[in-house]
Amino acid sequence: MTDEIRWHKTHCARMDHGGCALVVGVRDNRIVKIKGDPAGYLNRGYVCPKGLASADRLSHPRRLKYPLKRTGKRGEGQWQRISWDEALDTVSENLDRVRARYGAKGVAFCQGMPKGMEHFVMIRLANLFGSPNVVAVQDVCHAPREVTGMHTCGFYPVADFHHPSESVLLWGSNILHTNEEGEICRLLLDRLKEGTELIVVDPRQTPLTERARYWLRIRPGTDAALALGFLHVIIGEELYDADFVLRWTSGFAELAEHVSAWTPERVAAITWVPADLIRKSARLYARSRPAAMGWGNAIEQNVHAFDTARALVCLMALCGNLDVPGGNIRANEPKILGLGPFVRADRIPTKPKEMIHAHHRTIPRLMTVPPAFFRKAVLEDIPYPVRAAYMQCTNPLVGYADTRKTLDTLMKLEFVAVSDIFMTPTAAFADIVLPAATHFEFNDIGHYGLGHGYILARPGVVDPPPECWPDMKILNALGKRLTPPEDWYETTDEFLEAVLAPACLSYEQFVAQGCLRGEERFRKYLKSGFKTPSGKVELRLSRAEKFGLPPLPGWAESPEADASDYPLILTSFKDPYYLHSSYRWVEKLRAHSSRPLAWIHPETGAQYGVEDGLPVRIETPTGHVVQTACLTRKVAPGVVCAAYGWWFPEAGDKTGGDWESANLNMLTSAETLGKAFGTPNLKGLRCRITGANG
Ligand SMILES: Nc1nc2c(c(=O)[nH]1)N[C@H]1C(S)=C(S)[C@@H](COP(=O)(O)OP(=O)(O)OC[C@H]3O[C@@H](n4cnc5c(=O)[nH]c(N)nc54)[C@H](O)[C@@H]3O)O[C@H]1N2
Ligand SMILES: Nc1nc2c(c(=O)[nH]1)N[C@H]1C(S)=C(S)[C@@H](COP(=O)(O)OP(=O)(O)OC[C@H]3O[C@@H](n4cnc5c(=O)[nH]c(N)nc54)[C@H](O)[C@@H]3O)O[C@H]1N2
Ligand code: SF4
Ligand SMILES: [Mo]
C-alpha cells in the first residue's frame, strides 16, 4: 500500500464518442481522481459528469469478472464460470461449425457505437474469417450523414468549431449534452462567447435553444421539409454564393425548380415552424460567411434520413460553406495506416456484393449491415441464413428498433457470444459471455477511422481485473484460432504500432504527444475538384437513378402518420448522464438521472389524464412502455419526448434487468425502412398516452 497518487494523461472514452483530455490520479491501481486537462485539443479543461464518474465502471461490484457459459435455457439466467481457454474454444468451435454449414456469411459480427480500436479489429476478424457481415448501428448513426456526404460532395462535411464562424446552425444536434463524435461542446461555447450567432432546430427547449437567436421548434420527423423551405428562401432571394454555385455545383437549375414549390408557408404548415422564422433563419445562415452546421442524430433517425442529409449538404454547398475554415470541412487525416489495410479489406473483395444489405439495394458505400436486415437474415433467411453472432460493445435488445424482433433473433440464433463489462439484457440471452477490460485498463487509440482529422492517445492507467481482457486481445486470440495465425499479433499494442508506423511514431511517443492531427488545409477542391462523378457538388445526384433513389431531396409524410388512433408524436433525446443503454448501474450517474422521464406539455397531459411525476403509459402500434411523466412547457403540445435506453440493472440478471417495461425500442418498428440505409423511424413516430397510475 502506498499513499502516493500518480498522475497520468489520457483521453476520456466509452462514455460517448470520447475526446476530452484528462488528467487521472491513480493510487494502488485504483483511479482516485479525474480532472479535465486544460491543454486538451478539444476540451480545454472541460469534463462532463459522465467523464467524472467514468472510473466507477471499473470498480463496480457487479462488473463481469470471468467468462461465463450458459447452463440453463437461453435467457434463464443460469451460468457457469469457465476458463478463458474453454471460452475461446467454445466460441471458435461454434463459429467454425456455422461457417462449415452455412458458409462464413452465416456468421455475423455485431458492434454498437464505435468505442475504440476493437471496432476495427473486429472488422479485420470478420474479413479474415470470410464474413461480409459486420452489423452496426450506422443505419441510425452517422452513415446517413457520411455516406450521403460522400455521394453528394465527395466527403463527410464536419462542422469546424476550431475556427471562427459568423453563425452556427445546430440541426437536430444537442452537443451540449452529447458532445457528438468529438465535437466537444467547449469549442462551441467558446465561439458563442465570441459572438457567433446560433440557430437551433430542435422540438425541445434545451440550454442551447435558450442561447440561440432563433429556435425552430420543429414537429419531429419533418426536418427534410424544413430544409426544403430553407433552400426555397435562399435560392428565391438569391442569397447563395453565386460564384461557388456556378463553378462547383451541378444541377442548380433543377434544384431551384424543385424547391420553388416549398414556400415557407407550405413548410410552416408541415413543420409547425412559423414562416417568418424560416425566412429569418435561412437569411441569417446564408448571410453568415462562414457558417458551420452541426447536424445531429435527429436527422438520421427516420425514413427520410437520406433526403434530409441531401438537403442539408445542398444548403452547405449553396452558401459556400464546404471545406472552408469555420464551415463544414473535409478533415485532413494524419499520415497513419488507412482503414482498408488495417481491416484487411483486400481479403474479401466480394464483400460489397455479398453483404446482407446488398440484397436490399441500399446505397453503395454503406459497409455495415443495418440491424433490421441482419434480423431478416436470421429470422427469414433473407437473402440467406445467418445462424451465429459475435457481439461486442453493444446491447441490441435495448438499442435496436423493435425489441421483440431482436429477442426473436437472439432466440433463433444457434450461437451467440457477447463481450461486455456488465450482464446486460442482451448478454443475458447469450451462450457465452466474455468479461471485457475497458477504458483506462489498456492502451487504445481514439477517433481512428472517424474522419475528423485527428487521433487521440488513450494509454491505460490501471490494470484490469485479472480475467478481464481487452476486446482487442479476445479478437486476436479468436483470430489465431479461426483465421491464418500469421495475420495476428503477439500483443495488442502491435495493432496500435501498426496504425502509427506511417507517421514514424511509436505508441510511447504518441502518448507523450497526446494527439496527432492532419495538416490543416481547406478548399482542397480548388486543386482536385470534388470526388463525385461530375467533380462538382451534385445538387442533383447524377447516379440517383442507378441507386434507385430520388435525384433531388424531397419530403413526404411518414408512412404511419395517418394512424388516427395515435394522435401524438413521439421522439427522444440522449440522456446527458448515460451513453445509450449503458451504465444505468453506475450509482453516481443514476443519482443524476434516476428514472425514465417522458416530457409532455401540461395541456397534453391534462387532456389524457397524465399527471406530473406519475407513470404514463406510452403506446404505439408496435408496443407499450411505462415511463414517468414530466409535464413541461419545453415541448410543444402534442409531442411526447420520451426517455431512451432504459433498463433496470437492479431488477437482477435473471430477468435480464427488466428490459421491457420502459425501453423505448419496445415502441419502434422495423417494418418500414428508409431505402438508402435501412433506417427505421426512431424519431417522429405516432403514439398515444394514458395516465397509468400505479
Ligand atoms: N430509439 C432509439 N434507438 C436508438 C437511438 C435513439 O436515439 N433512439 N440511438 C441509436 C444510436 S445513435 C446508437 S450509436 C445505438 C447505440 O447502440 P449500442 O452501441 O449498442 O449502445 P449501448 O446501449 O451503449 O451498448 C454499449 C454496450 O457496450 C458495453 N461496453 C462499454 N465499454 C465496453 C468495452 O470496453 N468493451 C465491451 N465489450 N463492451 C463495452 C456497455 O456496457 C454496453 O452494454 O443505438 C441506437 N438506437
Ligand atoms: N450523453 C450522451 N452523449 C452521447 C450519447 C448518449 O447516448 N448520451 N450518444 C452518442 C452517440 S452514439 C451519438 S450518435 C450522438 C448523438 O448526439 P445528438 O445528435 O445530439 O443526439 P440526440 O440527443 O439523439 O438528438 C439531438 C437533439 O435532437 C432533438 N430531436 C428529437 N427529434 C427531433 C426531430 O425530429 N428533429 C430535430 N431537428 N430534432 C429532434 C432532441 O430533442 C435532441 O435535443 O451522441 C453521442 N453522445
Ligand atoms: S464530454 Fe464525453 S469525452 Fe468529455 S468527459 Fe464527458 S463523456 Fe468524456
Ligand atoms: Mo450513435
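How are α12 and α13 oriented to each other? In this predicted model, helix α12, which covers residues 264–271, and helix α13, which covers residues 275–287, pack with their axes 8 Å apart and at an angle of about 115°. Because angles of 65 to 115 degrees count as roughly perpendicular, α12 and α13 are described as roughly perpendicular to each other. The crossing in which α12 passes α13 is right-handed. On the α12 side the residues that meet the partner helix are Pro 264, Glu 265, Val 267, Ala 268 and Thr 271, and in α13 they are Ala 275, Ile 278 and Arg 279. Sorted by class, this contact of α12 with α13 holds five nonpolar, one polar and two charged residues.

Helix α12 also packs against a second partner, helix α9 (residues 223–236), and here the axes come within 9 Å and cross at roughly 165°. With such an angle, α9 and α12 are therefore roughly antiparallel to each other, and α9 passes α12 in a left-handed crossing. From α9 the contact draws on Ala 225, Leu 226, Gly 229, His 232 and Val 233, while α12 supplies Pro 264, Val 267, Ile 270 and Thr 271. The contact of α9 with α12 is made up of six nonpolar and three polar residues, with no charged ones. Pro 264, Val 267 and Thr 271 of α12 thus appear in the contact with α9 and also in the contact with α13.

After α13, the chain enters the loop between α13 and β13 (291–295), in which Pro 290 is found. The peptide bond that leads from Arg 289 to Pro 290 is cis, with omega near 0°. A cis bond is also found from Ile 382 to Pro 383, again with omega near 0°, and Pro 383 belongs to the loop between α17 (371–380) and β15 (388–392).

Turning to the division of the protein as a whole, the assignment gives domain 1 (6–54), domain 2 (84–141 + 346–513), domain 3 (157–329 + 526–545) and domain 4 (559–690). The centres of domain 1 and domain 2, taken over C-alpha atoms, are separated by 26 Å, and 21 residues of domain 1 are in contact with 20 residues of domain 2.

Another helix pair is formed by α3 (residues 84–102) and α20 (residues 471–482), whose axes come within 10 Å and cross at roughly 50°. That angle makes α3 oblique to α20, and α3 passes α20 in a right-handed crossing. The contact is made on the α3 side by Trp 84, Asp 85, Leu 88, Asp 89, Val 91, Ser 92, Leu 95, Asp 96 and Arg 99, and on the α20 side by Ile 474, Ala 477, Leu 478, Arg 481 and Leu 482. By class, the residues joining α3 with α20 are eight nonpolar, one polar and five charged.

The remaining features concern a backbone angle and a ligand. Arg 14, in the loop between β1 (6–11) and β2 (21–27), has a phi near 65°, which is a positive value in a residue other than glycine. Which residues surround ligand 3? The shell consists of Cys 12, Met 15, Asp 16, Gly 18, Gly 19, Cys 20, Tyr 46, Val 47, Cys 48, Lys 50, Gly 51 and Asn 179, and these residues divide into six nonpolar, four polar and two charged.

Key. Residues are numbered from 1 along each chain as its sequence is written. Chains are lettered from A and ligands numbered from 1 in the order in which they are written. This is a predicted model: local features need pLDDT of at least 70, side-chain atom pairs count only at pLDDT 80 or more; totals for chains, interfaces and linings use all residues. Side-chain values use heavy atoms; hydrogens and water are left out. A residue is near a molecule or strand if one of its heavy atoms lies within 4 Å of it. Ala, Val, Leu, Ile, Met, Phe, Trp, Tyr, Cys and Pro count as nonpolar, Asp, Glu, Lys and Arg as charged, and the others, Gly among them, as polar. Axes are lines fitted to C-alpha atoms, for helices over the stretch in contact, and angles run from 0 to 180 degrees between N-to-C directions. Helices (H or I, at least four residues) and strands (E, at least two) are DSSP runs, numbered from the N terminus. Angles under 35 degrees count as roughly parallel, over 145 as roughly antiparallel, 65 to 115 as roughly perpendicular and the rest as oblique. A crossing is left-handed if the near helix is turned anticlockwise from the far one by less than a right angle, and right-handed if clockwise. Contact means heavy atoms within 4.5 Å. Domain bounds come from an automatic or database domain assignment.
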